[in-house]
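These are my notes from going through one model. I wrote down each point as I looked it up.

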Amino acid sequence: MDTSLVSSKTVELLSQITGQKLTQKNLTPPVIFLANLVTVLLGVIFVDGTVAESEKQRLLTTLYGFSIPESDVRKLTHLMIKGVKENQVYKQINNLLSLAAPLSESEKLLLIGFGYQMSAVDGEIDSREKKYLEIVAKHLGIKPQHLVVLEAGFTHQTNVEPIALDEVHFLLNPARFQELDTIFVKAASDMLAALPTKPKHKITKPHRNVSYGELKKFQEYRKQLDNCCYQLFQIIQDCTNRGFLPHTLIEEIEEISQKVKSQRFRLAVLGEFSQGKSTLLNALLGEEIQPVREIPCSGMVTVLKYGIEKRVVCRYKDGREEEIPFEQYQLKATISEDAALGCLSDELAHNEIDEIVFEHPDLELCSSGVEIVDSPGLNEHPERTAITQKLLKDTDAVIFLTNASHSLTQVERDLLQDVRTQLNDGKENQPANNLFVVGNFIDLVRSEKGREQVQQRIERIVQGQNPIVAGENRVHFISAQAALDAILRGTEDDYLKAFQNFTQSIEKFLAFDSGIVKIKHSISQINRVIEKGLEGLYQSEDTLDGKIQISEAEKQKVLEKIGEASGRDVRIRLLSDQLIDKVFEQIAESWDEWREGLSDRIAQKSQYWNSEHSPVFSQDKLIRDYTNQFIRDLSTEIDQWGSAKLKEVILQENLKYLDTNIAYELDAIQGEFNSLDQNIQTNFSNHFSKQLKISINGINDDFTGMGGFGGGVGIGGALAAGLIVFTGLGFIAVIAASVAAAIAGSFGFGMLDFDGLKDKIKGKVFELGFQKFDESMDKIFEKLNEVVNSVFENRVESASRVIAEAIALYENLLEQQEKAHNETLEPAILILK
């Protein structure tokens, strides 16, 4: 719908019809369509001079399908019915054309479809009603053959022209109505269901298998690496049993082996509701696994992975797990139709399921080592921030799906920016090389010129002056449904070729870009274990050859060093506990100081909150927009406090003190090894210094990431997630429901005072938002406790690993000396005997 075509005449006409002084910004797409629908339906009802009871019921049923009881839109509908009837607008073709000017070709066809539905309500279409619809349709530019298809649908005829039928199905494709509202998507879907169905293509070839050869090759390399780990484990275990190597090497190679065994690619699929994510996944998998519906469908995170048998596991937010029958999978994974058309965010917020894990032995992509994470639509989700953080954790690549027949919405652009930042570990304005932007429904853009324009528009946004993605073949245009149809039919067409080009790009990135990094990292870890093992064996050889000998006094000193090392570990842990207590005292004081002026700062920012939605005609969306902006500003404030106070001052000072003490204790052990090397000609100090360097690098990495603070989401991201996730109910849903209740019956406030009503809604969002925020304090501090403890624990555990290895080196030296001593004594004992 092109609202720029709304003329002053249209505004004046609708003001006259409703009895309200409207402005152009009040005429939103749903309101414009509703005005046209009331006009056409009343025209059909009154053209034959009689009004049947069935027609009255059909009128209300149809119109009430576009609003909820007691809503402002429902009240507006009654005003429109009264005004159109009194002014007989349905008889005035010029006024009707003025109302219909902004409508697209698809919207005009849907409008006339409702007219035919009304005409056929008593079982047959009256000739006068049919003539009226034909006249209106002619003025609207609708083809006569399309009217034949509509008439056939409501008179139960099946013999229609195939080309016309195909064109009507194309124009009424529900994806074309997403710009209006979910209700209109459902209306288009229901209209298509009433029409003759398109003949299904006869399957002439077997189901085409989707193949991922490069990913399977990678899995072979991974298996070879795992086999190498197993052989190395056997060697190290044998050497350890013989006393040649310390036991810590067994633990190290076991850990590496476990990582190699469990190594999988994680592929996340993101996007708004009803962009075809489920259909895309079905095409990737080559089977119709995910539930599909034109209106919002997927209600929670779903993980598709390989398993030796088909099974479905529900994981609940309270920590419970439940295996459910496969037959219940699509029911569990789908939100209700009522929620999809109404309080979507409310149902999502109250859903007890955290994620559903679907295991299958025969899905080609999953058996090739890929776990697919399917997200719910994020534009309406009350926990969007937390969901994206969870989805992107340890993710190798992200597919962002959008509707190619429309421009990227502002919500989509914001989401893309957020995804890019998270994939780049919190670095803003840096393109992500593991982000793929895919325009779906390209089949809805029929002309070559139109497709070029779509491609240029999306590529300009994604790869323009401030690029969101980096790398080759990161933007694709597909029809997931057409590709899936071709796969299931075993045929090949241009849509399947475009889809295969997309999957090859994903496969190439996973196998060669991400995969090579994984393999190299594992090889580096294995080489480090081999190097340590060789050093230990050389030392054992020198000990057994008598090149390394320790006196009884030196043995006693080594035992003392073992005790001292254990004591150093205990001192580090005690100091960490003391510093954590100190940190929380400082956090409490800093938080109270920050919270004191928070309301004033948010109030000042609220002056810049805006929304394109009407406080009367789309009040729920306005509330959602304001609530999102409240959370955005609150998150920014938390982020600024977290960065300026928590991270840069409180944590940095205390962690620096802890690091200084850890360094002192580890340097002391290093010095003791240096002394030991000089006395008995060992190489412990070199071995220890390598382990120390690895540990220090790990600690530095932990400090950069702040144990979850800076690692892709920033401090505000982590705490804002805590704010939303740990409130028990979705933050947006709770506020929106409270605001809606608080301003119920807002017509009394003055339907004409849109700005005043917006201010009232804004004030309620502000008031209830802070109320909910203050109620969440305990949960927020639980999150803080979790993150701060994690930061300190990472450091302490890194130091403990180094100390444990030092102790193991000492113990192994004593074992080797004892063994060498015993082997020396054996010949002497035999001689004595």
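I began with a charge over a ring: Arg 320 lies over the face of Tyr 316, at 4.1 Å from the ring centre. The model is a predicted one, and I read every entry below with that in mind.

**Aromatic rings**

I searched the whole structure for aromatic pairs and got 14. I took up Trp 591 and Trp 594, whose ring centres are 4.6 Å apart with the planes at 55°, so I entered the pair as tilted. Both residues belong to helix α23 (residues 552-596); they are three residues apart there, and therefore about one helical turn separates them.

I then looked up accessibility. Trp 591 has a relative accessible area of 3% and is buried. Trp 594 is buried too, at 9%.

Trp 591 also pairs with Phe 781: the centres are 5.5 Å apart and the planes at 70°, and because an angle over 60 counts as edge-to-face, I logged the pair as edge-to-face. This pair links distant parts of the chain, since Trp 591 is in helix α23 and Phe 781 in helix α31 (residues 777-832), 190 residues apart. Phe 781 has 25% relative accessibility and counts as partly exposed.

Following the ring pairs further, I found that they link a cluster. Its members are Trp 591, Trp 594, Trp 609, Tyr 626, Phe 630, Trp 641, Phe 766, Phe 770, Phe 773 and Phe 781.

**Positive phi**

Which residues other than glycine have a positive phi? I noted two cases, His 156 with phi near 60° and Phe 441 with phi near 65°.

I placed His 156 in the loop between α8 (144-154) and α9 (162-171). His 156 is exposed, with a relative accessible area of 72%.

I placed Phe 441 in the loop between β8 (435-440) and α20 (448-463). Phe 441 counts as buried, at 16% relative accessibility.

**A helix crossing**

My last entry is on helix α1 (residues 8-18) and helix α5 (residues 93-100), whose axes come within 9 Å and cross at roughly 110°. Angles of 65 to 115 degrees count as roughly perpendicular, so I entered α1 and α5 as roughly perpendicular to each other. On the α1 side the contact is made by Lys 9, Thr 10, Leu 13 and Leu 14; on the α5 side, by Asn 94, Asn 95, Ser 98 and Leu 99. Sorted by class, the contact has three nonpolar, four polar and one charged residues.

Key. Residues are numbered from 1 along each chain as its sequence is written. This is a predicted model: local features need pLDDT of at least 70, side-chain atom pairs count only at pLDDT 80 or more; totals for chains, interfaces and linings use all residues. Side-chain values use heavy atoms; hydrogens and water are left out. Axes are lines fitted to C-alpha atoms, for helices over the stretch in contact, and angles run from 0 to 180 degrees between N-to-C directions. Helices (H or I, at least four residues) and strands (E, at least two) are DSSP runs, numbered from the N terminus. Angles under 35 degrees count as roughly parallel, over 145 as roughly antiparallel, 65 to 115 as roughly perpendicular and the rest as oblique. Contact means heavy atoms within 4.5 Å. Ala, Val, Leu, Ile, Met, Phe, Trp, Tyr, Cys and Pro count as nonpolar, Asp, Glu, Lys and Arg as charged, and the others, Gly among them, as polar. Rings of Phe, Tyr and Trp (its six-membered ring) pair if their centres lie within 6.5 Å; planes under 30 degrees apart count as stacked, over 60 as edge-to-face and the rest as tilted. Buried means under 20% relative accessible area, exposed over 50%, partly exposed in between (1.4 Å probe, protein chains only). A charge sits over a ring if NZ of Lys or CZ of Arg is within 6 Å of the ring centre and within 35 degrees of the ring normal.
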